[in-house]
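Here are a few notes to help you find your way around this structure. Have a look at it first, then read the points with the model open beside you.

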Amino acid sequence: MRMNATTSEFKEVASVFNGLCKNFFKKNIKNIMDYRVFLEQSRSSIRDLLFNFLQQGPIKYSIKVESTYEIPNTDVRENRAFKTKCMTLFLDTDINNILNEDFIKIIQEENDMMLKGSDFSLVSIDGILININKYSPFEDIEISGGYIKKEKIIRNDNGSLIITKNEELANK
């Protein structure tokens, strides 16, 4: 279904758990053979897709670039995927900065594969698959000896959790 796409826009290809988890695919219909160029040409579409979902609340997402490689002068072909780790985004997250890190990771993964001397050559960059999950942390966070109510926890700028002054333990 994904590879039969006829547009270079992101299309929803899967949705599970009543829409909490969705996959979107963008086919490389221009047959761009350079990862940097393909990712940069896709940047605004990715940013817009993520931004639209953020309007409904925090999300977790990951990016996977799917490609086809072959060993020249043989019939050996393999599908390869270069992916990012799952990241949490909030409305105030700098999406462009996060995408810069993601693109560097994907390009580095592809470079690492080529440096291993696998004899494979790129046939095509097939497309980008983006997984988006609505993010809602557990109501209570379990700690040793009890639980901390979610509303007693705030997120600071460096991504760690801080317990406010009037924390309460609710033994359960």
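1. A word before you start: this is a predicted model. Please read every value below in that light.

2. A good place to begin is the largest nonpolar core, which has 31 residues. The members that touch the most other members are Ile46, Leu50, Tyr61, Ile128 and Ile132. If you want to colour the core, these five are handy starting points. As background, nonpolar side chains in soluble globular proteins tend to be buried together.

3. Which elements give two or more residues to this core? They are two helices, α1 (35-54) and α2 (95-115), together with the strands β3, β5 (87-89) and β6 (121-134). The element that gives the most is α1, with eight residues.

4. Leu50 deserves a closer look. Leaving aside residues up to four places away in sequence, Leu50 touches Ile59, Tyr61, Leu89, Ile95, Leu99 and Ile132. Two of these partners, Tyr61 and Ile132, are also listed with Leu50 among the core members that touch the most others.

5. Now for the backbone. Phe17 has a positive phi, near 55 degrees, although Phe17 is not a glycine. You will find Phe17 in the loop that links β1 (11-16) to β2 (21-27). Is the residue buried or exposed? Phe17 counts as exposed because its relative accessible area is 62%, and the cut-off for exposed is over 50%.

6. Asn73 is another non-glycine residue with a positive phi, here near 65 degrees. Asn73 sits in the loop between β3 (59-70) and β4 (77-83). With a relative accessibility of 84%, Asn73 is exposed.

7. Next, try Ser136, in the loop between β6 and β7 (140-143). Its relative accessibility is 61%, so Ser136 counts as exposed. How far apart are Ser136 and Pro58 in sequence and in space? The two are separated by 78 residues along the sequence, while their C-alpha atoms are 7.2 Å apart.

8. Finally, the cysteines. How many disulfides does the structure hold? The count is zero. For Cys21, the nearest cysteine sulfur belongs to Cys86, 9.4 Å away. Cys86 is likewise in no disulfide, and its nearest cysteine sulfur is that of Cys21. This pair is not a disulfide because the sulfur atoms would have to be within 2.5 Å. Cys86 is partly exposed, with a relative accessibility of 42%.

Conventions: Residues numbered from 1 in each chain as written. Predicted model: local features only at pLDDT ≥ 70, side-chain atom pairs only at ≥ 80, totals over all residues. Heavy atoms only, no water. Helix = DSSP H or I, 4+ residues; strand = E, 2+ residues; numbered from the N terminus. Buried < 20%, exposed > 50% of the residue type's maximum accessible area, 1.4 Å probe, protein only. Core = buried A, V, L, I, M, F, W, Y, C linked by side-chain atoms within 4.5 Å. Contact = heavy atoms within 4.5 Å.
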